[in-house]
Amino acid sequence: MGLGPGGGGGAGAGAVRGEHTHVDAAPPRPRPAVQRASVRGQILDALRTALVGGELTPGEVYSAPVLGERFGVSATPVREAMQQLALEGAVEVVPNRGFRVVVRGARELAELAEVRALIEVPVMVRLARTVPAERWAQLRPLAEATVRAAGSGCRATYAESDRAFHRAVLGLCGNEQLVGVAEELHRRSQWPLVGGGGPAARGRAALVADAAEHMALLEALGAGDLDVVQALVREHFAGADSLRH
């Protein structure tokens with residue numbers, strides 16, 4: 001069994017085996033992978049913010065090395081983040097050059113608003129029937145956060161708080177797949193339009209009006225007013241669509 005000369009068992013052999021086992025136990029090394037994923041995630045968040053804020057112009061090509069210099073990182077995490085945005089449809093790969101921000105028109109935005117309404121209206125109506133008023137009251141801080149974000153005039157901050165509110169409302173249905181699909185559609189609807197349209201073109205007054213609809217919707221949901229809930233959700237999507245034209 002690989003023992004040395006003269007050696008059977010005994011305490012000495014046990015000690016040797018114990019030491020050998022201790023030496024062979026390699027410590028886990030997760031930190032590099034975690035750090036890399038963290039950097040990639042931070043860059044992805046920064047690029048999404050720049051996209052919603054209009055800092056990345058539709059039709060323009062951006063290279064990973066140049067963006068890496070802007071964020072103070074290597075080109076690798078930028079390229080990985082851009083590839084994720086390409087999967088989401090926000091950018092497209094331009095061989096040997098970088099990534100082009102996708103050019104989108106008003107028709108695509110209107111189609112997104114229609115699909116969102118088809119998903120969210122029936123879900124919210126069902127939730128208005130079944131969720132107690134005190135549960136809706138717990139979501140009030142999220143609605144108030146959208147009002148504060150709108151008042152700041154920061155479009156990227158508002159976009160994030162807007163998604164958080166809708167995600168929390170839909171999350172009460174308990175269907176994670178539906179929430180994921182709805183949030184992806186919501187994120188796509190926040191991208192800028194060609195010619196400066198989209199969220200980047202929305203002024204503070206428009207954002208404040210949009211946020212006020214969240215408060216009204218929450219009150220209607222808490223009251224179980226199905227007709228008002230349905231009308232508010234449809235108007236919310238239609239209004240957001242018209243503000244981006």
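**Reading strands and helices in a predicted model**

Mentor: Let us begin with a single pair of residues: Glu92 stands opposite Arg100 in strand E3. Please bear in mind throughout that the model is predicted.

Trainee: How many bridges join strand E2 to E3, and in which sense do the two strands run?

Mentor: Strand E2 covers residues 91-94, and four bridges join E2 to E3 in an antiparallel arrangement. Another of the facing pairs places Val91 opposite Val101 of E3.

Trainee: What do E2 and E3 form, and how many residues lie between them?

Mentor: They form a hairpin, with three residues between the two strands. In the turn, Asn96 has a positive phi of about 65 degrees.

Trainee: Which strand pairs with E1, and over how many bridges?

Mentor: Strand E1, residues 61-62, pairs with E3, residues 98-101, over two bridges, and the sense is antiparallel. Val61 has Arg100 as its bridge partner in E3. Recall that Arg100 also stands opposite Glu92.

Trainee: In what order do the three strands form the sheet?

Mentor: First, the general idea: in a regular strand, side chains alternate between the two faces of the sheet. In this structure, the sheet is open, its order is E1-E3-E2, and the pairing is antiparallel. E1 and E2 stand at the edges with a single partner strand each, so one side of each has no neighbour in the sheet.

Trainee: I should now like to turn to helices. By what are two packed helices described?

Mentor: Two packed helices are described by the angle between their axes and by the distance between those axes. Take helix H7 (residues 140-152) and helix H8: their axes come within 9 Å and cross at roughly 165 degrees. An angle over 145 degrees counts as roughly antiparallel, and H7 and H8 are therefore roughly antiparallel to each other. Their crossing is left-handed.

Trainee: Which residues of H7 and H8 meet?

Mentor: In H7 they are Leu142, Ala143, Ala145, Thr146, Ala149 and Ala150; in H8 they are Thr157, Tyr158, Ser161, Asp162, Ala164, Phe165 and Ala168. By class, this contact has nine nonpolar, three polar and one charged residues.

Trainee: At what angle do the axes of H8 and H9 cross?

Mentor: The axes of H8 (residues 155-171) and H9 (residues 176-189) cross at roughly 160 degrees and come within 10 Å. H8 and H9 are therefore also roughly antiparallel to each other, and H8 passes H9 in a right-handed crossing. Among the contact residues are Asp162, Arg163 and His166 of H8, and Val179, Ala182 and Glu183 of H9. The residues of this contact divide into three nonpolar, three polar and five charged.

Trainee: Finally, how far apart are Ala133 and Gly222 in sequence and in space?

Mentor: They are 89 residues apart in sequence, and their C-alpha atoms are 4.4 Å apart in space. Ala133 belongs to helix H6, residues 133-137. With a relative accessibility of 41%, Ala133 counts as partly exposed.

How values were computed:
Residues are numbered from 1 along each chain as its sequence is written. This is a predicted model: local features need pLDDT of at least 70, side-chain atom pairs count only at pLDDT 80 or more; totals for chains, interfaces and linings use all residues. Side-chain values use heavy atoms; hydrogens and water are left out. Two strands pair if DSSP finds at least two bridges between them. Axes are lines fitted to C-alpha atoms, for helices over the stretch in contact, and angles run from 0 to 180 degrees between N-to-C directions. Angles under 35 degrees count as roughly parallel, over 145 as roughly antiparallel, 65 to 115 as roughly perpendicular and the rest as oblique. A crossing is left-handed if the near helix is turned anticlockwise from the far one by less than a right angle, and right-handed if clockwise. Contact means heavy atoms within 4.5 Å. Ala, Val, Leu, Ile, Met, Phe, Trp, Tyr, Cys and Pro count as nonpolar, Asp, Glu, Lys and Arg as charged, and the others, Gly among them, as polar. Buried means under 20% relative accessible area, exposed over 50%, partly exposed in between (1.4 Å probe, protein chains only).
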